[in-house]
Amino acid sequence: MILRLAFNKRSYLKYIGHLDLLRLFQRTINKTEIDIKYSQGFNPHPRISIASPLSLGIESMEEYVDIELNTEMPVEEFIDRMNRALPKGIEILRGKYIDTKKPVAAMIAWAFYEITFKTETILTREEIDFKIKDYISREEIIILKKRRKKRRKIETEVDIRALIANLNLKTVDSNRITLESLLKTGGDGNLKPIELVKSISVEEEMGVDLESVNIKRIHLYAEENGEIYKPV
């Protein structure tokens, strides 16, 4: 049986990578003596699947993981035992058993972010709001993406407009601006928040201090028949 869980990753744990996070879950499960299922073969590994790995340095309020168990146990007991053993900065929020073999990693289609940055000059809220609305109203938004082809790095133009579901101004405090945005992620397209910030800075001449950018992922969503929803 597969237990699907929502968890957060905050504080200093935002600096651990995807593989380290998998190992953390594995060690914690071993410590709590939960009966997890392992793969077959020469090098068996625990059946754990984490959706949409985060870039280093990004906090998250809600991530998802599938854990396959040999023995069913009450969800509340699993969460309590894990949270007692997990380090500060990561907490399982809720969970449920699912009856599908489709991993949560293959379901995620959208990510909702809170993005904060400073600008080189102070703009009024009205000026910033105008720029954000002007940016998102465009039919196409072109950025340059670098990719490696054999031994060469080449740049290609990519239209990211379809990868941005919405973009809203949340707060303005002097030259510190906070935006909220729902961005495409997963196999059908992916836009990193930092790419969005760089594009806004150039297209709207906002003079963003890229060293000041702070990104927090708030939610992940699956999509089916045009409707987005939380996997658990």
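Here is a chat between a visitor and a guide about a predicted model of a protein.

Visitor: What is the protein built from, in terms of helices and strands?

Guide: You'll find four helices and eleven strands. The C-alpha trace spans about 55 × 40 × 35 Å along its principal axes.

Visitor: Why is Arg4 called buried?

Guide: Buried means under 20% relative accessible area. Arg4 has 2% relative accessibility, so it counts as buried. Across the protein, buried residues make up 46% of the 232 residues.

Visitor: What makes Arg4 and Asp66 a salt bridge?

Guide: The rule asks for a side-chain nitrogen of Lys or Arg within 4 Å of a carboxyl oxygen of Asp or Glu. In this pair the closest N and O atoms are 2.7 Å apart, so Arg4 and Asp66 pass. The two belong to distant parts of the chain: Arg4 is in strand β1 (residues 2–9), while Asp66 is in strand β3 (residues 59–68), 62 residues apart.

Visitor: Is Asp66 buried or exposed?

Guide: Buried, because its relative accessibility is 7% and the cut-off is under 20%.

Visitor: How do you know that Asp20 and Arg23 are about one helical turn apart?

Guide: Both sit in helix α1 (residues 18–32), and they are three residues apart there, which means a separation of about one helical turn. They form a salt bridge too, with the closest N and O atoms 2.8 Å apart.

Visitor: And what makes Asp20 and Arg23 partly exposed?

Guide: Partly exposed is the range between the buried limit of 20% and the exposed limit of 50%. Asp20 comes in at 40% and Arg23 at 41%, so each lands in that range.

Visitor: How do you know that Arg94 and Glu62 meet in a salt bridge?

Guide: Check the N to O value: it is 3.0 Å for Arg94 and Glu62, and the rule wants within 4 Å, so they qualify. Arg94 lies in strand β4 (residues 90–98) and Glu62 in strand β3, so the pair ties together parts that are 32 residues apart in sequence.

Visitor: Why is Glu62 called buried, but Arg94 partly exposed?

Guide: Glu62 has a relative accessible area of 5%, so it is buried. Arg94 has 28%, so it is partly exposed. The line between the two labels is drawn at 20%.

Visitor: How many salt bridges are there by this rule?

Guide: The count comes to 16. Some residues are linked in a network of salt bridges: Asp134, Arg138, Glu203 and Glu204.

Visitor: What makes Glu139, Glu140, Glu157 and Asp159 a patch of negative charge?

Guide: Asp and Glu count as negative, and these four gather on the surface. A patch takes residues with over 30% relative accessible area and no salt bridge, with like charges joined within 9 Å. Take Asp159, in strand β7 (residues 152–159): its relative accessibility is 36%, so it clears the 30% bar.

Visitor: What is unusual about phi in Ser11 and Ser52?

Guide: Most residues other than glycine have a negative phi. Ser11 has a positive phi of about 55 degrees although it is not a glycine, and phi of Ser52 is near 45 degrees, also a positive value.

Visitor: Where are Ser11 and Ser52 found, and are they buried or partly exposed?

Guide: Ser11 is in the loop between β1 and α1, and its relative accessible area of 43% makes it partly exposed. Ser52 is in the loop between β2 (48–50) and β3. With a relative accessible area of 14%, Ser52 is under the 20% cut-off, so it is buried.

Key: Residues numbered from 1 in each chain as written. Predicted model: local features only at pLDDT ≥ 70, side-chain atom pairs only at ≥ 80, totals over all residues. Heavy atoms only, no water. Buried < 20%, exposed > 50% of the residue type's maximum accessible area, 1.4 Å probe, protein only. Patch = residues over 30% accessible without salt bridge, like charges linked within 9 Å, V, L, I, M, F, W, Y side chains within 5 Å. Areas by Shrake-Rupley, 256 points an atom, 1.4 Å probe, with all protein chains shown as cover. Charge placed at Lys NZ, Arg CZ, Asp CG, Glu CD.
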